[in-house]
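Subject: Structure for you to look at

Dear colleague,

I am passing on the structure we spoke about, and below it I have set down what was found in it. Please read the notes with the model open beside them.

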Amino acid sequence: MKNSFIGIHLDFIGFSASLTCAIHCAFLPFLVSGLPIAGMGFLDQPWIEHSVIILSFILAVFSLSHGYKRHHNNPMPIVLVSIGFLIIGFGLLWSPENLESFITPIGAVLVGAAHYVNWLKIRSSDVDFPDCENQAH
């Protein structure tokens, strides 16, 4: 279904993951103090955060490159996701710790916006391919 945002599965998953990341980054400082009490202290490990970022990056590259190559040839979603991941990387690796919870959600919102813009571009394109599950029926 070309008109349904949920019908384009990768962009919906990418958008949802980015929104979840933004919420996670914004509220994690408040929740970290309660994680050991809930038996979930392992969630505060850097390798978990790095793994989620890498997985999100792979999903974004796969999803956006498909839309770019097969539907719209518009670089805007790729530009947005690149800036978003650069901001996430900056927030995670180089910003002062007290600013990380402010900077990283901005990057996550840009990554989500990239998926949304990609969906809009696919929806407005006239190109349909038989191997795509998001074509108009």
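Asn118, leaving out residues up to four places away in sequence, touches Asp11, Ser63, Leu64, Gly67, Tyr68, His72 and Pro77. This residue of helix H4 is buried, with a relative accessible area of 0%, and I should say at once that the model in which we see this is a predicted one. The C-alpha atom of Asn118 is separated by 8.6 Å from that of Ile78, although the two residues are 40 apart along the chain.

One of the contacts of Asn118 is Ser63, which has its place in helix H2 and is likewise buried, with a relative accessible area of 3%. Once neighbours within four places in sequence are set aside, Ser63 is in contact with Leu10, Asp11, His115 and Asn118, and Asp11 is thus listed among the contacts of Ser63 as well as among those of Asn118.

As for the whole chain, the protein has four helices and zero strands, so that the pattern read along the sequence is α-α-α-α. Of its 137 residues, 34% count as buried, and the accessible surface comes to about 8300 Å², with 72% of that belonging to carbon and sulfur atoms. Where contacts join residues at least 6 apart in sequence, 73% of them are between residues at least 24 apart.

Helix H2 covers residues 46-72, and its 27 residues should span 39 Å at 1.5 Å a residue, which agrees with the 37 Å found between its end C-alpha atoms. Its buried residues are Ile48, Ile53, Ala60, Ser63, Leu64, Gly67, His71 and His72.

What follows H2, and what is the sign of its phi? The residue is Asn73, with a positive phi near 50°, and this value occurs although Asn73 is not a glycine. Most residues other than glycine have a negative phi, which is the reason for drawing your attention to this one. Asn73 lies in the loop between H2 and H3 and, at 52% relative accessibility, counts as exposed, the cut-off for that term being over 50%.

Helix H3 has 18 residues and reaches 26 Å from its first C-alpha to its last, close to the 26 Å expected at 1.5 Å a residue. Its buried residues are Pro77, Leu80, Val81, Gly84, Phe85, Ile88, Gly89 and Gly91; because they cover an arc of only 165° around the axis, they are on the same side of H3. These buried residues pack against H2 and H4, whereas Leu86 and Leu93, on the other side of H3, are exposed.

The largest nonpolar core holds 13 residues, of which Val81, Phe85, Ile88, Ala108, Val111 and Ala114 touch the most other members. At least two residues of this core come from each of helix H1 (9-31), H2, helix H3 (76-93) and helix H4 (97-124). Phe85 has contacts with Ile53, Ser56, Phe57, Ala60 and Val111, when residues up to four places away in sequence are not counted.

How many aromatic pairs does a search of the whole structure find? There are two, and one of them is formed by Phe57 and Phe85, whose rings are edge-to-face at 5.2 Å centre to centre with 90° between the planes. Since Phe57 lies in helix H2 and Phe85 in helix H3, the pair ties together parts that are 28 residues apart in sequence. Phe57 counts as partly exposed at 42% relative accessibility, while Phe85 is buried, with a relative accessible area of 13%.

Tyr116 and Trp119 also form an aromatic pair, in this case a tilted one, with 5.5 Å centre to centre and 35° between the planes. The two residues are three apart in helix H4 and are therefore separated by about one helical turn. An α-helix has 3.6 residues a turn, so residues three or four places apart point the same way. Trp119 nevertheless counts as buried, at 6% relative accessibility, and Tyr116 as partly exposed, at 37%.

With best wishes

Definitions and conventions. Residues are numbered from 1 along each chain as its sequence is written. This is a predicted model: local features need pLDDT of at least 70, side-chain atom pairs count only at pLDDT 80 or more; totals for chains, interfaces and linings use all residues. Side-chain values use heavy atoms; hydrogens and water are left out. Buried means under 20% relative accessible area, exposed over 50%, partly exposed in between (1.4 Å probe, protein chains only). Contact means heavy atoms within 4.5 Å. Accessible areas come from the Shrake-Rupley method with a 1.4 Å probe; for residues, only the protein chains shown count as cover. The expected span of a helix is 1.5 Å times one less than its number of residues. A nonpolar core is a set of buried Ala, Val, Leu, Ile, Met, Phe, Trp, Tyr and Cys residues joined through side-chain atoms within 4.5 Å. The arc is that of the directions from the helix axis to the C-beta atoms. Rings of Phe, Tyr and Trp (its six-membered ring) pair if their centres lie within 6.5 Å; planes under 30 degrees apart count as stacked, over 60 as edge-to-face and the rest as tilted.
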